[in-house]
Amino acid sequence: MTTRQELRPNHRIRARARRAITAPLAAALAAGLVVTAGAVPVQAAPPAVAGTWSALMYRSLTRPQTATTLRTTIATQQATVVTRTGEIAKATTRNTAAQTGLTTATTAVTAARARQTYALTSLATAKTALTTAQAAQKKAKTAKKRTAAAAATTKAKNVVAAATRTLTARQTQTREAVTALTTAQVETRTAAALLVNATAARESAAAAVRATQQRLALLPPAETLAGQASVLSKDVVAQARTGFAVTDTTTVYGTTVHKNVAYAFKRMVDDAKRSGIVLSGGGFRTKQRQIELRKINGCPDVWLAPSSSCRVPTAIPGRSLHELGMAIDISSGGKTLTRSSPAFKWLSVNAKKYGFVNLPSEAWHWSITGG
Ligand SMILES: [Zn+2]
């Protein structure tokens with residue numbers, strides 16, 4: 001059972017570990033290999049190297065799906081560009097029609113105004129003729145001439161009345177032409193704005209395609225991401241040792257492993273199964289169990305004798321990656337792996353994709369550092 005007093009020194013160790021940045025991690029950060037959620041100043045924040053390792057492995061193992069998703073997104077975005085291009089064509093047609101309408105309406109107003117001016121002149125001429133006819137009527141001396149003059153006056157009045165009606169009609173036509181011109185001007189502005197918007201929308205859609213294409217082009221190969229994770233493996237182990245708790249582990253198909261390697265391990269088991277290789281194994285064990293194993297395996301000394309001096313190589317308690325859930329003793333079909341096992345051959349080719357490395361002296365022992 002753990003008491004508060006026992007936990008305190010642990011906290012101090014953890015704080016020291018946070019302040020210290022180990023050389024490989026610093027190199028990885030300098031090379032821009034480590035991808036973090038934001039721009040984290042190296043000296044300010046604790047390097048969550050185990051989280052970085054997991055994130056890199058996750059990105060590596062999901063790289064094909066990410067690429068597929070990006071390609072699907074590009075196809076959708078390209079379809080949007082086609083739609084937007086169609087909208088530009090429609091907007092261009094409407095804009096051209098609006099320009100033609102504006103020209104027609106402008107011409108119609110000019111013509112209407114000219115006809116109105118002509119009607120005004122005609123009315124003035126008719127009024128002058130009427131005045132002349134009325135004067136002639138007053139001067140007429142004979143009955144015959146008075147009758148003819150009266151007829152001329154009546155005719156002149158009719159001409160004035162007709163010219164007045166024409167002028168009224170021309171004025172109405174001018175007002176209508178001006179209204180039509182105003183409508184055409186509004187439509188011209190609307191159509192021009194729509195064309196600007198449609199052009200901007202297509203540019204925006206095309207930019208989205210380019211951005212996604214760039215994301216796809218810059219997507220690192222899975223091997224690169226796994227390689228970046230492997231550079232960090234020793235730091236992951238060092239960090240996991242400071243303040244390790246059993247709650248840091250989880251169980252994958254009956255094997256207890258550190259949460260940070262759980263996804264990669266699960267994917268390895270799943271992918272192996274797809275290739276006809278069934279993997280199982282013993283992962284996490286407590287320090288107490290490690291001490292027991294040292295005794296069971298006949299190590300000359302529990303705490304000092306090298307691993308190789310035991311009947312079965314067994315790490316000194318506190319040094320085994322099993323105590324962190326970051327090493328797994330793998331068996332297949334109920335048998336511990338040997339170098340001739342099909343599972344060993346499969347792992348030799350594939351395990352590095354999942355961040356696992358073999359300890360050469362033990363065919364069954366696979367861990368994130370090979371230690
Ligand atoms: Zn082992």
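**Core packing and a strand hairpin in a predicted model**

Of the contacts in the chain with a separation of 6 or more, 72% are accounted for by residues 24 or more positions apart, two residues being in contact if their C-beta atoms, placed from the backbone, lie within 7 Å. The model is predicted: local features need pLDDT of at least 70 and side-chain atom pairs count only at pLDDT 80 or more, whereas totals for chains, interfaces and linings use all residues. Residues are numbered from 1 along each chain as its sequence is written.

The chain holds nine helices and seven strands, taken as DSSP runs (H or I, at least four residues, for helices; E, at least two, for strands) and numbered from the N terminus. Of its 371 residues, 26% are buried, that is, have 20 or more other C-beta atoms within 10 Å of their own.

The largest nonpolar core (buried Ala, Val, Leu, Ile, Met, Phe, Trp, Tyr and Cys residues joined through C-beta atoms within 7 Å) has 39 residues, and those with the most contacts inside it are Trp53, Val236, Phe265 and Met326. Among the elements that each supply at least two residues of this core are α3 (49-61), α7 (259-274) and β4 (327-332), while the largest share, seven residues, comes from α6. Apart from this core lies another, of seven residues, including Leu123 and Leu167.

Strands β1 (residues 249-252) and β2 (residues 255-258) run antiparallel and are joined by four bridges, where pairing requires at least two DSSP bridges. Threonine 250 has valine 257 of β2 as its bridge partner, and in this hairpin, with two residues between the strands, tyrosine 253 takes a positive phi near 50°.

Key:
A residue is buried if 20 or more other C-beta atoms lie within 10 Å of its own, exposed if 12 or fewer, and partly exposed in between; C-beta atoms are placed from the backbone.
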